[in-house]
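Biologist: I am new to this structure and should like a close look at a single part of it. Please choose one region, describe how it is built, and then follow its contacts outward.

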Amino acid sequence: MRVLITGGAGFIGSQTLLQLLGEQHEICVLDNYSNSSPMVFERVAMLSNSAFELVEGDVRDRDTLAKIFEGFRPEAVIHFAGLKAVGESTTFPIRYYENNMLGTATLLQAMDAVQCRQIVFSSSATVYGVPKYLPYDEAHPCIPTSPYGRTKYFIEEMIRDWSAATPTASAVILRYFNPVGAHSSGIIGEDPNDIPNNLMPYISQVAVGKLSKLQVFGNDYDTRDGTGLRDYIHVVDLARAHLNSIDYVAGSAGVETFNIGTGEGATVLEVIQAFEAASGQTIPYEINQRRPGDIAAFYANPAKAHNLLDWRAKFNLANMCRDAWNWQSKNPDGYVQGPK
Ligand code: WQD
């Protein structure tokens, strides 16, 4: 199938690109490199001998999109492109609304112009907000607590309205939990700009000596050891959910939403222990205050994805830490230089 991947240079996008190439899909990637590096494509080429089209551009640029849809004529779109830092979205909310929502509206209009009716959207468990119950299932109320989370939820609603107005439209919305890890080769992985906000890349950079110590944001939560609990999902498992979703949208109409998580939770201290076991490195840390806006604990009920998407996470936390360390130790500065 001909698939357009927006944001295909990113952490999850590049893993998904690799897996789609492996299934002989024809791919066009659109990325503006605002939070990624074009060097990732040299690495993808090291792992796959399949060619693909690459367009540097912004999903908000109507002319760029028109050229892609008229020239490449995608049958389906996987839409990753968007800003995704929770804290930053609180500081710059309108930048997030403009980028994430206008970008998606422009994309859907470009799809309509050539009757492209299939989309897989990168959403987030952050749409749920403070848990009313756990594990979250897809029926859980969506009351996001950050502008970033609200852009994801509003985009979900945009897609649902688009589908209702377009009988032949077919959409899958994937609500990611906490993506971590790297390709088993260590050739592609997570390469955040600046100092990482997220736990796993921060721990990885402490382990490789780029950062000195981890700050644990609170140990007085109502969890088994007092530290925050999350459902970490291996990025390769997450990428595979997109492959299954491309098959799903090809054979259906309407909109389906799926939680993509393991259904297991791990606390910050448990992640530290798992990473130390996987890397053989000690992770110095100190307990600090809670991070504003953090939720104590959340994890997925992934049963719907198991049953309807024929998808199930295969990798556990030890695998995630092993692969994250393999990537970081071979690429201490990310994609800046060649792999060690
Ligand atoms: C995990 C746990 C922190 C860093 C975010 C987004 C979410 C999604 C995934 C996009 C929490 C603790 C963290 C650190 C720490 N992204 N922590 N010290 O906040 O669950 O989710 O990333 O969709 O939308 O909200 O992930 O990795 O930042 O935090 O103690 O230096 O680790 O308090 O308990 P989070 P995270």
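**The sheet and its surroundings**

Modeller: His79 stands opposite Phe121, a residue of β5. This pair is a convenient place to start in what is a predicted model. The strands β4 and β5 run parallel and are joined by three bridges. In general, the strands of a sheet pair through backbone hydrogen bonds, in either a parallel or an antiparallel manner.

The wider arrangement comes next. Seven strands form an open sheet in the order β3-β2-β1-β4-β5-β6-β11, and their pairing is parallel. β3 (53-56) and β11 (254-260) stand at the edges with a single partner strand each, so one side of each has no neighbour in the sheet. From one strand to the next, the twist averages 15°. Helix α3 packs on this sheet, where α3 touches β1, β2 (26-31), β3 and β4. The direction of α3 makes about 175° with that of β2.

Another helix to consider is α5, which spans residues 93-113. Helix α5 has 21 residues and reaches 30 Å from its first C-alpha to its last, close to the 30 Å expected at 1.5 Å a residue. Its buried residues include Tyr96, Asn99, Asn100, Gly103, Thr104 and Leu107. An α-helix has 3.6 residues a turn, so residues three or four places apart point the same way. The buried residues of α5 pack against three strands, β1 (2-6), β4 (76-79) and β5 (118-124), and against the helices α3 (62-71), α4 (86-91) and α6 (147-165). After α5 comes Gln115, whose phi is positive, near 55°.

Nonpolar packing can be followed from here. The largest nonpolar core holds 40 residues, and those that touch the most other members are Ile5, Leu17, Leu20, Ile27, Leu174 and Ile260. Among the elements that give two or more residues to this core are the strands β1, β2, β4, β6 (170-176) and β11. Helices that do so include α1 (11-22) and α2 (39-47). The most is given by α8, with seven residues. Leu20 illustrates the packing: leaving aside neighbours within four places in sequence, Leu20 is in contact with Val3, Ile5, His25, Ile27, Ile78, Leu243 and Ile246. There is also a second, separate core of 24 residues, and Val206, Ala207, Tyr232 and Ala274 are included in it.

Aromatic rings give a further view of the packing. The whole structure contains ten aromatic pairs. One of them is formed by Tyr136 and Phe298, which are tilted, with 5.7 Å from centre to centre and 40° between the planes. Tyr136 lies in the loop between β5 and α6, whereas Phe298 lies in the loop between β13 (285-288) and α10, so the pair ties together parts that are 162 residues apart in sequence. Tyr136 is buried because its relative accessibility is 0%, under the 20% limit. Phe298 also counts as buried, since its relative accessible area is 11%. Ring pairs link these two residues with Tyr128 and Phe177 into a cluster.

A final point of comparison is Phe315, which is placed in the loop between α10 (303-308) and α11 (317-330). Phe315 is partly exposed because its relative accessible area, 27%, falls between the limits of 20% and 50%. Apart from residues up to four places away in sequence, Phe315 touches His234, Val236, Asp237, Thr262, Met320 and Arg322. From C-alpha to C-alpha, Phe315 lies 36 Å from Thr106, and the two are 209 residues apart in sequence. Thr106 is one of the buried residues of α5.

Terms used. Residues are numbered from 1 along each chain as its sequence is written. This is a predicted model: local features need pLDDT of at least 70, side-chain atom pairs count only at pLDDT 80 or more; totals for chains, interfaces and linings use all residues. Side-chain values use heavy atoms; hydrogens and water are left out. Helices (H or I, at least four residues) and strands (E, at least two) are DSSP runs, numbered from the N terminus. Buried means under 20% relative accessible area, exposed over 50%, partly exposed in between (1.4 Å probe, protein chains only). Contact means heavy atoms within 4.5 Å. The expected span of a helix is 1.5 Å times one less than its number of residues. Two strands pair if DSSP finds at least two bridges between them. Axes are lines fitted to C-alpha atoms, for helices over the stretch in contact, and angles run from 0 to 180 degrees between N-to-C directions. A nonpolar core is a set of buried Ala, Val, Leu, Ile, Met, Phe, Trp, Tyr and Cys residues joined through side-chain atoms within 4.5 Å. Rings of Phe, Tyr and Trp (its six-membered ring) pair if their centres lie within 6.5 Å; planes under 30 degrees apart count as stacked, over 60 as edge-to-face and the rest as tilted.
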